[in-house]
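User: Please look at the model below. I would like to ask some questions about how its two chains meet.

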Amino acid sequence: MIRFDGATKRYPDGTVAVDELSLEAPSGQITVLVGPSGCGKTTSLRMINRMIEPTSGTIWLDDTDTASLPAHELRRQIGYVIQNAGLFPHRTIVDNVATVPLLLGEDKTKARARAMELIERVGLDPAFAKRYPAQLSGGQQQRVGVARALAADPPVMLMDEPFSAVDPVVREQLQEEFLRLQNDLGKTIVFVTHDIDEAIKLGDQVAVLRVGGKLAQLAAPADLLARPVDAFVAGFVGRDRGYRALGFTGAGTIDTHQEPSVAVGAAYPGHGAGIDGWILAVDADGKPQGWLPTGEEQRGDVVTDAMLYRGGTLAAQGGSLRAVLDACLSSPSGRGVVVDDSGRLVGSVTAREVLDLIEKRG
Amino acid sequence: MLTLLDSASSSPWYFFGYFLDHRATDLGWLWDHTWLSVVPVVVGLLLALPLGWLARRYSWAYPPMMSITGLLYTIPSIALFVLIPPLLGLDPLTPLQVPIALSIYSTSLLVRVVADGLGAVPTETVQAATALGYRPLARFFRVELPIAVPVITAGLRVAVVANVSIVAVAGTIGLDNLGRLFDQGYTLSVTEPYYPPIVLGIVMCVLLALVLDAIVLLVDRALTPWRRAVRSR
């Protein structure tokens with residue numbers, strides 16, 4: 001548990017970066033600090049491991065006043081992941097990861113063995129161990145950064161915009177893996193981002209800070225979207241918060257219709273085979289691949305991948321209302337495709353049916 | 001016959017013969033020249049490390065420090081060679097005046113190099129090192145300095161080669177090193193030009209500079225395997 005108790009950072013020129021911050025980051029959970037630039041989120045994070053010393057107030061790490069320990073000892077108990085990873089360019093990946101165990105006086109063989117374990121754990125090929133950071137991509141470096149922070153198995157991790165310097169596809173991948181890792185490890189995490197979507201996706205609780213370093217609201221993501229306390233928070237969480245809030249509501253037992261399908265490689269279907277001019281194409285395993293307009297002209301041709309309309313997203317059975325509604329809205333046929341855990345076709349729903357479900361709940 | 005031999009031995013290409021004729025003396029001067037070139041660079045580096053660190057750590061110290069070191073470097077070497085013994089109360093012909101003067105030059109050159117090398121270490125890397133629990137001294141020697149090595153060795157190469165050239169100047173005021181060869185060439189050219197010692201001096205200085213430069217380069221390579229790995233990606 002990390003607890004800010006009236007923590008303030010005031011610079012000699014009078015600027016207040018963090019103003020009387022009091023909040024608690026519960027053990028085993030992800031607390032996200034989010035806000036516009038100048039809101040003091042990074043300053044707050046760095047006050048925890050005393051890279052920045054608070055002017056007044058106290059920060060507690062469980063029952064310990066962080067000011068009571070020598071700074072370097074405090075820091076060795078706290079994992080830290082920084083934007084752009086901040087790896088040591090002159091050390092191999094395995095030695096980068098082994099840094100903190102070595103600082104703590106563990107022997108080299110043991111520290112490296114532990115580092116190898118973590119390299120695999122964060123999804124990197126063990127062959128990378130002997131390479132240097134500059135030989136890795138940005139996303140791979142960031143994984144190494146996470147492995148390095150975890151190496152001494154600290155109960156607490158601080159993460160300062162760790163995923164913001166990589167491209168969106170890699171970012172999403174890293175976020176998913178981070179959540180999976182946290183599911184296994186249950187660390188107490190404080191995570192800083194300027195991206196409200198990332199905050200809502202990753203946070204067990206989200207602290208929105210306003211410029212000048214004041215806490216505006218601390219809430220679970222769904223509550224934040226549903227009940228922003230004031231205009232600032234409402235503005236910050238964004239316009240499409242109604243839609244995004246659907247991401248926190250399970251679709252439950254939504255009834256699906258049977259959806260006719262044609263296998264890729266089979267004969268081109270005529271009008272009678274689909275519904276309203278569209279038929280779903282699936283692969284040999286029954287996994288949806290895309291939509292096909294039915295038509296008499298091509299009847300008898302072979303269906304190929306190149307003919308498919310792939311615009312529609314797929315919603316997992318038991319997923320969120322947002323995913324189901326998006327599947328409907330993005331589908332060229334207007335019918336959202338629902339699949340099971342292994343990606344096979346379950347059936348389809350229409351946007352109207354999803355909206356009815358939302359209204360009934362509302 | 002005598003004229004022929006004379007003209008052959010005064011040809012610039014006779015320098016190797018001249019070397020063989022005075023081998024013991026010339027090798028002695030080469031040795032003097034070598035340590036006079038190398039020791040001041042080592043001293044300069046040892047002084048420049050803390051000074052360069054200070055210039056980086058306290059940003060207000062950087063501009064004046066760079067001005068002072070720049071000024072020191074512009075003092076003509078011959079003036080320092082002559083002034084150092086009375087200023088420090090040394091014997092007028094002590095060989096120490098050369099290494100002292102050159103240490104001043106090397107330090108001046110290397111303070112900027114060290115400061116800029118440390119400045120080129122990525123901020124995230126320094127912050128990460130702090131956050132992982134390095135204490136300042138360990139962070140300097142195990143993170144910042146190793147990463148600054150390429151910049152520092154580039155400066156060392158300049159310093160060591162410059163020293164080879166400046167040491168020769170001290171030969172002309174009678175201090176033992178390869179510069180004495182130029183002095184000899186000048187003395188022997190009173191009636192007509194006599195080139196061999198001058199050419200020999202140039203050749204030995206250039207070879208010495210090349211060898212010392214190569215040694216610094218090898219040290220650089222040994223200290224920075226990480227840079228080669230990146231290039232061969």
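The questions and answers below deal with one annotated domain and one interface of this predicted model.

User: Which residues of chain A does the UniProt annotation "domain: ABC transporter" cover?

Analyst: The annotation comes from an unreviewed UniProt entry. Over this stretch chain A is 38% helix and 25% strand, and the end C-alpha atoms lie 25 Å apart. The range covered is residues 2-237.

User: How much area do chain B and chain A bury between them?

Analyst: Contact, taken as heavy atoms within 4.5 Å, involves 20 residues of chain B and 25 residues of chain A. Of the area buried between the chains, 65% is on carbon and sulfur atoms. The total is about 2100 Å².

User: Which three residues supply 29% of the area that chain B buries against chain A?

Analyst: No other three residues supply more of the area that chain B buries against chain A. They are Ala131(B), Leu132(B) and Trp226(B).

User: How many residue pairs are in polar contact between chain B and chain A?

Analyst: Salt bridges are counted separately, and the rule finds 0 of them across this interface. For polar contacts, both residues must be at pLDDT 80 or more. The count is 8 residue pairs.

User: Which element gives the most to the side of chain B that touches chain A?

Analyst: The elements of chain B that give two or more residues to this side are α7 (123-132), α8 (136-171) and α11 (225-231). By class, the side has 12 nonpolar, 4 polar and 4 charged residues. The element that gives the most, with 8 residues, is α7(B).

Terms used. Residues numbered from 1 in each chain as written. Chains lettered and ligands numbered in written order. Predicted model: local features only at pLDDT ≥ 70, side-chain atom pairs only at ≥ 80, totals over all residues. Heavy atoms only, no water. UniProt positions renumbered as here; feature names shortened; annotations may be inferred. Helix = DSSP H or I, 4+ residues; strand = E, 2+ residues; numbered from the N terminus. Buried area = accessible area lost by both parts, 1.4 Å probe. Salt bridge = Lys/Arg side-chain N within 4 Å of Asp/Glu carboxyl O. Polar contact = N/O pair within 3.5 Å; in protein donor to acceptor, adjacent residues only side chain to side chain. Nonpolar A, V, L, I, M, F, W, Y, C, P; charged D, E, K, R; others polar.
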